[in-house]
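Work through the exercises below with the sequence and the structure open beside you. Try each task on your own before you read its solution.

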Amino acid sequence: MENKGHAADGSIRRIRLWLAVAVAIGSLSAASLSAAAAAEPIPMTPEPTETSSRIAIVIDDFGNRMKGTKEMLELPVHLTAAVMPFLPSTREDAELAHAKGHDVIVHLPMEPVRGNPNWLGPKAILTSLPDEEIRKRVEEAIADVPHAVGMNNHMGSKATADERVMRAVLQVCTEKGLFFLDSRTSYKTVVPKVARELGVPLLQNDVFLDDVYTANHVARQLAVVRKKLEKDEKCVVIGHVGPPGLITSGALKSAIPELQKKVKFVTLSQILPDEALKTGQ
């Protein structure tokens, strides 16, 4: 009887164990399926299976419900949304871009040599500011843009030529683990030099698509992009929402099918230098 009792107890324990495992597996499966569904990327136009050339489209000036915002975010490729901090739709635009599978970066307002100061936006980085105030403003900008993985300059022809200013900005990028895209609004930029010294992963703009707000100009700039991709393995291009937003988004939408036959569209984080990816910088 005692052996039979032990056998019965053992059977009961095994049944209870199997039930516990089944419940755990069921819960895990449900949680996994739920997480997978939430993380599922927005369907995009298929990319070419064999190509060595890559193009990263960066769209500046999100954050203020500018013209072309919806059209840019609904392009059938992944892109990088550069979102200005401290504006009415900063968080809304960053969240929407992230949900669609795009990269989000901080579009940091920085002092130009010339230009309307009103175009800068709140808490701009000025060359007259002390280092600590620059650091504070950069940290606040990063905190204000959800999901940011990098940063680029909004305007900034004067600030990006100032080594002291850029050292303060890029030091914060180092601490926060962000890469920097030099929009190259000045040929005097010191960003490459300082980024190398601090170990900040760096990318540089190759082509502005819409520095002139006409369809003809955007078309000519896209021709420049195609020519560059014939000889180079990667190309970073910058466009804008705002005054040229509908022109640029329309031109890109028309050009994407042809470009996809030859090149792969990527986000900035996918085009970072291999050495930066290897070192985790």
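**Exercise 1. Describe the chain as a whole.**

Task: Find what percentage of the residues is buried, and how many helices and strands the chain has.

Solution: Begin with burial, remembering that this is a predicted model: of the 281 residues in the protein chain, 46% are buried. Next, count the elements, which gives nine helices and nine strands. Then turn to the surface, where the accessible area comes to about 14,600 Å², with 56% of that area belonging to carbon and sulfur atoms. Finally, take the contacts between residues at least 6 apart in sequence, and you will find that 74% of them join residues at least 24 apart.

**Exercise 2. Place strand E3 among its neighbours.**

Task: Work out which strands pair with E3 and in what sense they run, and then decide whether E3 is enclosed or open.

Solution: Start on one side, where strand E2 (residues 80–83) pairs with E3 in the parallel sense over four bridges; within this pairing, Ala82 has Ile105 of E3 as its bridge partner. On following the chain, you can see that E2, helix H3 (residues 90–99) and E3 form a right-handed β-α-β unit.

Now consider strand E4 (residues 148–155), which runs parallel to E3 and is joined to it by seven bridges; here His107 is partnered by Asn152 of E4. A right-handed β-α-β unit is also made by E3, helix H4 (residues 131–144) and E4.

As a last step, check the burial of E3 (residues 103–110): eight of its eight residues are buried, and therefore the strand is largely enclosed by the rest of the structure.

**Exercise 3. Examine the salt bridges.**

Task: State how many salt bridges a search of the whole structure finds, and explain what the pair Arg65 and Glu92 ties together.

Solution: The search finds 18 salt bridges. In one of them, Arg65 meets Glu92, with the closest N and O atoms 3.1 Å apart. Because Arg65 lies in the loop between strand E1 (54–62) and helix H2 (69–73), while Glu92 lies in helix H3, the pair ties together parts that are 27 residues apart in sequence. For the surroundings, note that Arg65 is exposed at 55% relative accessible area, whereas Glu92 is partly exposed at 45%.

Compare this with Glu133 and Arg137, whose side chains form a salt bridge at 2.9 Å from N to O. These two residues are four apart in helix H4, so about one helical turn separates them. Glu133 is partly exposed, with 24% relative accessible area, but Arg137, at 17%, is buried, since the cut-off for buried is under 20%.

A further salt bridge joins Lys228 and Asp232 at 2.6 Å, N to O; Lys228 counts as buried at 18% relative accessibility, and Asp232 as partly exposed at 24%. To finish, look for a network of salt bridges, and you will find one that links Glu163, Arg167, Lys193 and Glu197.

**Exercise 4. Look for disulfides.**

Task: Report how many disulfides a search of the whole structure finds, and then decide whether Cys173 is buried or exposed.

Solution: The search finds zero disulfides. Cys173 has a relative accessible area of 0%, so this residue is buried, and Cys235, also at 0% relative accessibility, likewise counts as buried.

Methods: Residues numbered from 1 in each chain as written. Predicted model: local features only at pLDDT ≥ 70, side-chain atom pairs only at ≥ 80, totals over all residues. Heavy atoms only, no water. Buried < 20%, exposed > 50% of the residue type's maximum accessible area, 1.4 Å probe, protein only. Pairing = 2+ DSSP bridges. Right-handed = clockwise from strand over helix to strand, strands pointing away. Contact = heavy atoms within 4.5 Å. Areas by Shrake-Rupley, 256 points an atom, 1.4 Å probe, with all protein chains shown as cover. Disulfide = S-S within 2.5 Å. Salt bridge = Lys/Arg side-chain N within 4 Å of Asp/Glu carboxyl O.
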